[in-house]
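Got the viewer open and a selection box ready? Here is a walk through the model, one stop at a time.

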Amino acid sequence: MKLKFLLFLLLLGVFPAWAQRKADKKETQTTIQKPLTHSVYDGWKSIGSQALSPDGTWAVYTVNPQEGDGKVIFQNLKTNQIDSVQRASQVEISYDNQFVVFKIAPPLKEVKELRRKKTKKEDLPKDILGIYTLQTKQLAKIANLKSFKMPEKAGGWLAYQIEQIAKKETPKKDSVKKEEPKKEEAKKPTKPKKKESEDNGYRLVLRKLATAKETTFDFVKEYKFDKFGKSLIFTTTGNDSTMLAGVYVYDLAGEKMKPLFRTQKGNFKNLAFDENGNQVAFVADLDTTKAQVRYFKLYHWKNGQDSALAMADTTKITKGLLISEHYTPNFAKDGSKLFFGMSNKPAVPDTTLLAEEIVSLDIWHWQDDYIQPQQSRRLEQEKKSAYLSVFHTDSKKIVQLASKEVPSINLANEGNANLTLATSDMPYRRLTNWDISGFDDLYLVDLQTGTKKLIKEKVKGFANISPQGNYVYWYSLPDTAWFSYSVKSGQTFKLNQNLKEKFADEEDDHPDFPDAYGLAGWTENDQSVLIYDRYDIWAFDPENRKAPVNLTQSGRKERLVFRNIRLDNEERFFKADQLLLLSVFDETTKQSGYYNLNLKDNNKQKLLMDNYRFSSFVSKAKEANTLLFTKQSFQDFPDLHLTDLTFKNIRKISDANPQQKNYTWGTVEMFSWNSLDGIPLKGLLYKPENFDPKKQYPMLVYYYEKEADNIHSYMAPLPIRAVINYTYFTSNGYVVFVPDVVYRIGYPGESAYNCIMPGVTSLIEKGFVNKERIGIQGHSWGGYQNAYLITKTNLFRAAEAGAPVSNMVSAYGGIRWETGLSRMFQYEKSQSRIGGTLWEKPLRYLENSPIFFADKVQTPLLMMHNDEDGAVPWYQGIEYFMALRRLDKPVWMLNYNKEGHGLTQRQHRKDFTIRMYQFFDYYLKDAPMPEWMKKGVPMIEKGTNKGLQLMNEEED
């Protein structure tokens with residue numbers, strides 16, 4: 001008996017210890033982290049659209065993987081209950097907080113499988129309309145969605161189009177088809193023929209959300225609610241028995257339809273309501289012939305009229321200009337004016353010529369305002385350009401405001417003012433071929449007469465008009481100063497003339513005028529304008545009647561950067577006693593956060609500051625003080641956080657990537673050193689997880705101008721577009737160094753060397769960087785500097801240069817094909833920082849061009865330069881490749897066909913990611929060499945052999 005008791009005691013002591021050890025072992029096993037691999041990319045998620053219901057009760061946001069099906073999440077912020085719907089996007093919350101409406105895409109996997117089977121596009125699954133009731137969690141689905149809309153400031157109604165048409169019948173009298181609620185799941189509309197639907201329109205369904213009662217209209221091409229949900233207007237081609245072609249308005253309260261204009265056939269488009277829904281405008285072409293020039297007319301309807309009326313013949317008033325079919329009319333806020341576009345009569349080709357009789361020719365003329373490539377890129381924009389004109393709704397008077405000579409108009413006071421600002425760059429366009437900041441002449445235009453008054457010539461900067469229209473204001477680049485012009489007195493005032501603080505970029509190192517820091521906005525009745533310096537927010541009297549006031553006061557002293565956060569998208573000015581929410585960034589500690597500022601007494605209060613990057617965009621509920629924002633760090637994904645205007649209680653409401661805990665990540669810290677010119681510099685040093693300073697690590701260097709302020713930025717694992725993913729490298733045992741670079745005008749290559757090299761050598765001296773295992777990567781501007789650096793040093797064991805300029809001499813006279821711009825400005829005044837023309841400073845172009853020193857290169861180089869690069873012509877990569885190939889240097893160039901300056905197609909991004917990492921792993925970690933590096937891939941094997949397989953020593 002005593003023995004059994006002793007055994008029992010022994011088990012009591014042993015079993016708990018054994019069980020605890022087993023539990024500890026299991027816990028250890030479940031938390032073992034592994035390095036990131038390329039397989040994680042597709043499932044790593046981001047938060048897309050996000051919104052709060054107007055009453056602040058619901059948060060609705062989408063969570064989407066990089067590739068695959070995402071979802072929309074509905075979260076009750078009071079009960080914390082969560083529901084979701086798969087594959088949802090284009091999410092909108094009804095104004096009455098009752099419904100969420102969205103598009104549901106077909107499953108991606110299903111669509112891909114059908115495409116593999118060569119299924120025709122029109123036979124692939126279509127989008128579905130989702131209608132989610134927040135209180136009951138019920139989801140209604142309607143198939144074959146084309147589009148949907150809800151009133152901006154009213155609940156209860158939804159209009160949507162489905163890809164379904166009815167059988168054509170002979171037009172009869174107007175009628176409306178009404179349907180009682182049905183079970184949406186059972187709706188399977190007949191499949192339309194694509195061309196027939198596009199020409200004739202689609203079925204429009206008007207739905208009363210509370211009862212699901214629906215009214216349908218067929219052959220609808222355009223539709224629109226008024227702002228406050230009183231009416232719905234739509235255009236129809238009228239190709240059935242229920243109604244004629246035309247424009248109709250449906251009264252939502254009375255559930256009655258009224259034709260505004262109808263005819264047997266016509267093209268109606270560009271619907272517009274006034275602010276209160278009492279007026280409608282649209283353009284129409286009633287010509288039934290196939291004439292190449294279409295003569296649209298502008299129609300206007302006002303509540304109480306039987307039908308819409310066409311304006312008077314505008315060709316006589318506007319010297320032959322036509323009503324633009326590409327400009328959607330818009331009303332002044334008070335409804336007193338209708339603004340519309342006029343356009344030049346298009347050039348009509350001779351359709352009788354045969355193909356072999358047509359001459360295809362571009363003539364480059366030295367006095368053209370834009371060079372031919374730029375004209376080509378602007379061609380569609382030019383064809384659709386319009387000169388703003390105004391129709392006074394009471395007097396029926398038409399006034400042309402803009403013209404070919406003065407093409408741009410900025411309306412004042414939401415169109416209510418009788419004066420407006422017009423600008424013209426026409427006399428100076430030719431100069432923008434080498435000076436892209438350009439110039440503008442400023443005019444005041446009388447909306448009653450159209451007369452223009454020149455108020456300032458050749459302004460280099462941007463100009464605008466104050467909210468109430470009392471002042472024109474601009475920032476002048478050459479003066480680095482803000483100016484205001486009083487519309488009433490005609491006087492011009494320099495606002496920051498007696499201040500020692502600078503209102504232009506203090507750190508700008510380009511050979512051009514520095515940009516302004518910007519402005520927050522105007523106060524009520526145009527009493528003052530709030531302008532930023534580097535740190536603070538200043539209030540300026542637009543006529544200098546009062547001394548400027550530093551509202552935030554301590555920004556410069558404490559090196560805190562204060563900027564206003566706009567919480568109301570409809571806000572046009574600040575009220576005198578308004579409480580502003582400010583974003584704050586500490587230049588010294590790199591902390592960020594939020595303050596508030598009371599404009600009544602200029603009292604500010606710190607709400608939150610921490611070692612995170614907080615979003616400068618904050619969502620606020622329309623009718624509550626509920627706020628949504630994000631915070632992130634290198635280790636923390638920018639999930640959504642909930643608070644109110646006090647920021648006292650903060651709650652994280654999303655968890656987009658819980659799988660991150662399964663992977664090794666890394667850390668980031670600030671690193672300081674001095675350049676070879678004695679300039680103090682900062683950079684970011686990323687270290688692997690569980691970093692051991694006694695070990696030596698391979699290191700990768702990446703840089704682009706200045707990055708130190710981004711110390712708290714999260715970098716999700718993803719296939720790269722052009723730049724390395726720090727997270728992937730730290731997770732896989734690399735140190736990553738991101739140095740800041742400052743430039744001396746005329747010596748960009750040498751400046752990069754003087755900044756980067758001492759930073760790298762300082763890290764080598766710390767002992768944890770293997771000096772034999774250092775690589776460098778950069779793209780575009782960074783790609784150029786890498787191409788330059790390897791002609792000056794052999795420190796790097798491997799380098800990658802994406803889209804590099806290798807020859808500034810040949811590149812100077814080239815074209816940026818994406819925009820059609822001449823490349824001259826790039827070197828004279830912009831990023832390349834040469835500071836003069838090729839004939840003024842030829843030696844600087846030669847000395848900064850890597851190709852002239854290609855024989856000095858000893859570093860293996862990988863380049864990516866794509867054949868449709870619209871920023872840096874890919875022949876720049878070819879020139880460098882051919883020079884290094886001729887010199888028998890190890891060099892590879894990747895050209896992803898039909899890709900531009902950076903990769904956009906996901907399959908190419910994945911491929912480039914693997915190849916770049918294989919390249920650096922081979923040189924910096926002694927990994928096996930892949931086949932594409934060893935042997936290349938012959939053109940005959942293109943598309944069948946990627947050459948990604950790693951080769952063992954025997955194969956080598």
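Rings of Phe, Tyr and Trp (its six-membered ring) are called a pair when their centres lie within 6.5 Å; planes over 60 degrees apart make the pair edge-to-face. By this rule the count comes to 54 aromatic pairs. Keep in mind as you click around that this is a predicted model.

**Stop 1: aromatic pairs**

Select Trp673 and Phe737. Their ring centres are 5.3 Å apart and the planes meet at 65°, so the pair is edge-to-face. Now colour by secondary structure: Trp673 belongs to strand β47 (residues 667–674) and Phe737 to strand β50 (residues 735–739), so you are looking at a link between distant parts of the chain, 64 residues apart. Are these two rings buried or exposed? Trp673 has 6% relative accessibility and counts as buried; Phe737, at 0%, is buried as well.

Next, pick Phe919 and Phe920. This aromatic pair is also edge-to-face, with 5.2 Å from centre to centre and 70° between the planes. Phe919 is buried at a relative accessible area of 0%, and Phe920 counts as buried at 0% too.

For a group rather than a pair, select Trp44, Phe637, Tyr663, Trp665 and Tyr714, which form one aromatic cluster.

**Stop 2: charges over rings**

Show Lys460 and Phe439 as sticks. The charged end of Lys460 sits over the Phe439 ring, 4.3 Å from its centre. Then jump to Arg744, whose charged end sits over the ring of Tyr747, 4.3 Å from the centre of that ring.

**Stop 3: a glutamate in a loop**

Go to Glu587, in the loop between β39 (579–586) and β40 (592–598). Its relative accessible area is 13%, so Glu587 counts as buried. Which residues touch Glu587, leaving aside its neighbours within four places in sequence? Arg534, Tyr535, Arg559 and Val561 are in contact with Glu587.

**Stop 4: helix α10**

Select residues 781–789, which make up helix α10. Nine of the nine residues are buried, so the rest of the structure largely encloses this helix. Among them are Trp781, Tyr784, Tyr788 and Leu789. To see what the buried residues of α10 pack against, switch on α9 (748–766), β51 (769–779), β52 (798–802), α11 (808–812), α13 (842–847) and α14 (875–886).

**Stop 5: two hairpins**

Select β12 (residues 202–208) and β13 (residues 213–225): these strands run antiparallel and are joined by six bridges. Look for Arg207, which stands opposite Glu214 in β13. The two strands form a hairpin with four residues between them, and Ala212 in the turn has a positive phi of about 65°.

Follow β13 onward to β14 (residues 231–236), its antiparallel partner over five bridges. Here Phe225 has Leu232 in β14 as its bridge partner. β13 and β14 form a hairpin with five residues between them, and Gly229 in the turn has a positive phi of about 65°.

**Last stop: zoom out**

Show the whole chain, with its 16 helices and 56 strands. A compact globule of 956 residues would have a radius of gyration near 30 Å; the chain has 32 Å, which agrees. Its C-alpha atoms fill a box of roughly 100 × 95 × 75 Å along the principal axes. Turn on the surface: the accessible area is about 46,200 Å², with 50% belonging to carbon and sulfur atoms. Buried residues make up 51% of the chain. Of the contacts between residues at least 6 apart in sequence, 56% join residues at least 24 apart.

Technical notes. Residues are numbered from 1 along each chain as its sequence is written. This is a predicted model: local features need pLDDT of at least 70, side-chain atom pairs count only at pLDDT 80 or more; totals for chains, interfaces and linings use all residues. Side-chain values use heavy atoms; hydrogens and water are left out. Rings of Phe, Tyr and Trp (its six-membered ring) pair if their centres lie within 6.5 Å; planes under 30 degrees apart count as stacked, over 60 as edge-to-face and the rest as tilted. Buried means under 20% relative accessible area, exposed over 50%, partly exposed in between (1.4 Å probe, protein chains only). A charge sits over a ring if NZ of Lys or CZ of Arg is within 6 Å of the ring centre and within 35 degrees of the ring normal. The radius of gyration is taken over C-alpha atoms; the globule rule is 2.2 Å times the number of residues to the power 0.38. Contact means heavy atoms within 4.5 Å. Accessible areas come from the Shrake-Rupley method with a 1.4 Å probe; for residues, only the protein chains shown count as cover. Two strands pair if DSSP finds at least two bridges between them.
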